[in-house]
Amino acid sequence: METKMKLILTKETDQFPTDPWLMALFDDWFDPCPLNALPETDGLAIDWEAKTYVNPPYSQPLPWVRKGIVEHQQGKIVVFLLKFDSTTQWYRELIQAGAHIIHIGERLHHGARYAAPFPSMLAILSK
């Protein structure tokens, strides 16, 4: 079982693709943090669109959450795919910003054969 977990928890990257069934819900949404983005593309330095879906790096979601809150304050809808962890600073900031939290009832696979060792959630900042 430990070998299966290492496939998900590898230190080579902490960016994982969104499961296809979930990505289909956000197919036409802007993604400021796309997987395999060009290094010169900085989603934190650009304006986001009216409907934005973000699957940020798991090691550093806080700057993305803060950027999303600012974008939401400008009238945009922002949805985050995040690890479900209510003990973090970024989770508290989302709650303070009025985010709606939807717990995903199954473990995502993130493009791997085995399910992630943690639960996931959607955090929705909308009007």
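Reply: Let's start with the term we will lean on most: contact means heavy atoms within 4.5 Å. Keep in mind too that this is a predicted model.

Me: Thanks! Before using it, how many helices and strands does the protein have?

Reply: There are four helices and four strands. Along the sequence they follow the pattern α-α-β-α-β-α-β-β. Of the 127 residues, 39% count as buried. Contacts add to that picture: among those between residues at least 6 apart in sequence, 61% join residues at least 24 apart.

Me: Now a single helix, please. Which residues of helix H4 are buried?

Reply: Burial is read from relative accessible area, and the cut-off is under 20%. In H4, which spans residues 89-96, Trp90, Tyr91, Glu93 and Leu94 are buried. Looking down the axis of H4, you find these buried residues within an arc of 165°, so they line one face of the helix.

Me: What do the buried residues of H4 pack against?

Reply: Here the contact idea pays off. Their partners are helix H3 (61-73) and the strands E2 (77-83), E3 (100-103) and E4 (120-125). As a whole, H4 lies across E2, E3 and E4, at about 35° to E4. Once H4 ends, look for Gly98, whose phi is positive, near 90°.

Me: On to the strands. What is the order of the strands in the sheet?

Reply: The general idea is that strands of a sheet pair through backbone hydrogen bonds, either parallel or antiparallel. In this model the order is E1-E2-E4-E3, an open sheet of four strands with mixed pairing. E1 and E3 are the edge strands, each pairing on one side only. Neighbouring strands are turned by 15° against each other on average, direction ignored.

Me: Where does the mixed pairing show up? How many bridges join E1 to E2?

Reply: Four bridges join E1 (residues 51-54) to E2, and these two strands run parallel. Along that pair, Lys51 stands opposite Ile77, and Tyr53 stands opposite Val79. On the E4 side, E2 pairs in the antiparallel sense over six bridges. Val79 is a handy residue to follow, since its bridge partner in E4 is Ile124. E2 is also mostly covered, with five of its seven residues buried.

Me: E1 and E2 run parallel. What do E1, H3 and E2 make together?

Reply: To read such a unit, follow the path from one strand over the helix to the other. E1, H3 and E2 make a right-handed β-α-β unit. H3 lies across E1, E2 and E4, and runs at about 160° to E2.

Me: Let's turn to aromatic rings. How many aromatic pairs does a search of the whole structure find?

Reply: Five. For each pair, look at the distance between ring centres and then the angle between the planes. Planes under 30 degrees apart count as stacked, and those over 60 as edge-to-face. Trp48 and Trp64 have ring centres 6.3 Å apart and planes at 20°, so the pair is stacked. This pair links distant parts of the chain, with Trp48 in the loop between helix H2 (20-23) and E1, and Trp64 in helix H3, 16 residues apart. Both of these Trp residues are buried.

Me: And what about Phe84 and Tyr91: stacked or edge-to-face?

Reply: Phe84 and Tyr91 are edge-to-face, 6.3 Å centre to centre with 75° between the planes. Their surroundings are worth reading as well. Phe84 is partly exposed, at a relative accessible area of 30%, whereas Tyr91 counts as buried at 14%. You met Tyr91 earlier among the buried residues of H4. Elsewhere, Phe26, Trp29 and Tyr53 form one aromatic cluster; Tyr53 is the residue opposite Val79 in E2.

Me: One last stop. Where is the place of His109?

Reply: His109 sits in the loop between E3 and E4. With 31% relative accessibility, His109 counts as partly exposed. Try finding Pro20 from there: Pro20 and His109 are 89 residues apart along the chain, and their C-alpha atoms are separated by 9.7 Å.

Methods: Residues numbered from 1 in each chain as written. Predicted model: local features only at pLDDT ≥ 70, side-chain atom pairs only at ≥ 80, totals over all residues. Heavy atoms only, no water. Buried < 20%, exposed > 50% of the residue type's maximum accessible area, 1.4 Å probe, protein only. Arc of directions from axis to C-beta. Pairing = 2+ DSSP bridges. Right-handed = clockwise from strand over helix to strand, strands pointing away. Axes fitted to C-alpha atoms, helices over the stretch in contact; angles between N-to-C directions. Phe/Tyr/Trp six-rings, centres within 6.5 Å; stacked < 30°, edge-to-face > 60°.
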